[in-house]
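Hi,

Here is the structure I promised to pass on. Have a look at it first, and then read my notes below.

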Amino acid sequence: MKTVGGLAPPPRDGDHPAGHKVFDALGCGSCHRPQTAKGVPAFTDLCLHHMGPQFDTRAKDIEAQGDEFRSAPLWGLRFRKAYFHDDRASELGQAIEMHGGEAERAAGKYRALSV
Ligand code: HEC
């Protein structure tokens with residue numbers, strides 16, 4: 001099990017205003033909120049979200065249904081080799097495109113980008 005408890009956030013590699021603009025325009029920040037209430041730059045709202053049938057483990061616990069996962073903090077992404085709770089994506093763009101459920105709208109906007 002992965003945990004970030006007790007670890008300091010990895011240092012940022014700079015600020016990228018153009019990237020922030022796209023992130024906001026696509027609606028990523030509705031779940032990956034840039035800052036926590038205490039001002040920590042974690043890029044998560046720490047909340048559960050339905051991610052669609054392709055994420056459904058059919059497992060339920062007291063809090064979460066099968067396709068519900070907590071918004072992953074988007075810090076240190078440049079060090080990651082795989083994405084999501086089960087490492088199902090090996091490329092960043094692939095991970096963004098795989099979002100479904102409540103994130104389908106944002107993922108659709110990402111897929112429609114023309115760059
Ligand atoms: C409705 C909420 C929601 C929206 C909107 C959303 N995400 Fe996510 N995102 C999640 C959840 C929940 C996870 C974790 C899923 C898991 O672990 O299986 C996640 C995981 C990720 C990951 C993988 C991180 C890791 O450490 O494995 C990346 C990258 C990511 N999101 C980027 C984006 C981007 C870019 C956008 C906008 C295009 C976006 N997300 C929009 C909820 C959302």
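To get you started: which backbone nitrogen does the side chain of T44 reach at 2.8 Å? It is the one of L46. Before I go on, a word on where this comes from: the model is predicted, so local features need pLDDT of at least 70 and side-chain atom pairs count only at pLDDT 80 or more, while totals for chains, interfaces and linings use all residues. Residues are numbered from 1 along each chain as its sequence is written, and side-chain values use heavy atoms, with hydrogens and water left out.

Back to T44. T44 sits in the loop between α1 and β1; helices (H or I, at least four residues) and strands (E, at least two) are DSSP runs, numbered from the N terminus. T44 counts as buried because its relative accessibility is 4%; buried means under 20% relative accessible area, exposed over 50%, and partly exposed in between (1.4 Å probe, protein chains only). The T44 side chain also reaches the backbone oxygen of S71, at 2.7 Å. Both of these are polar contacts, meaning a pair of N or O atoms within 3.5 Å; within protein, one must be able to donate a hydrogen and the other to accept it, and residues adjacent in sequence count only if both atoms are side-chain atoms. If you skip neighbours within four places in sequence, T44 is in contact (heavy atoms within 4.5 Å) with C31, H32, R33, S71, A72 and P73.

Two other residues of that loop have a positive phi although they are not glycine. F43 has phi near 55°, lies in the loop between α1 and β1 and is buried, with a relative accessible area of 10%. L46 has phi near 60° and lies in the loop between α1 and β1 as well, but L46 counts as exposed at 53% relative accessibility.

Now the ligand, which holds an iron atom. Which protein atoms act as its donors? They are NE2 of H32 and NE2 of H99, lying 2.0 to 2.1 Å from the iron. Donors are N, O and S atoms within 2.8 Å of the metal (3.2 Å for Na, K and Ca); water is not among the atoms, so sites may look incomplete. H32 belongs to the loop between α1 (17-26) and β1 (48-50), and H99 to the loop between α2 (92-98) and α3 (104-111), so the pair ties together parts that are 67 residues apart in sequence. H32 counts as buried at 12% relative accessibility, and H99 is buried too, at 17%.

Why is the arrangement around the iron called octahedral? Because the six donor atoms subtend angles of 85 to 180°. The rule is that six donors count as octahedral if opposite donors are over 155 degrees apart and all others between 65 and 115.

The rest of the ligand has company as well. There are 25 residues around the ligand (a residue is near a molecule if one of its heavy atoms lies within 4 Å of it), and C28, C31, H32, R80 and H99 come nearest. An oxygen atom of the ligand is 2.4 Å from an N or O atom in the R80 side chain, and an oxygen atom of the ligand is 2.6 Å from a polar backbone atom of F84. β2 (68-70) and α2 each supply at least two residues of the shell.

F84 turns up again in the largest nonpolar core, which is made of seven residues: M51, F55, Y83, F84, A89, A95 and A103. Such a core is a set of buried Ala, Val, Leu, Ile, Met, Phe, Trp, Tyr and Cys residues joined through side-chain atoms within 4.5 Å. Leaving out residues up to four places away in sequence, M51 touches D67, F69, F84, H99, G100, G101 and A103.

One last stop is E63, in the loop between β1 and β2. Is E63 buried or exposed? E63 is exposed, with a relative accessible area of 57%. A polar contact of 3.2 Å joins the side chains of E63 and R70. Beyond four places in sequence, E63 touches L48, E68 and R70.

Enjoy looking around!

Conventions: Four donors count as tetrahedral if all angles lie between 85 and 135 degrees; four count as square planar and six as octahedral if opposite donors are over 155 degrees apart and all others between 65 and 115; anything else is irregular.
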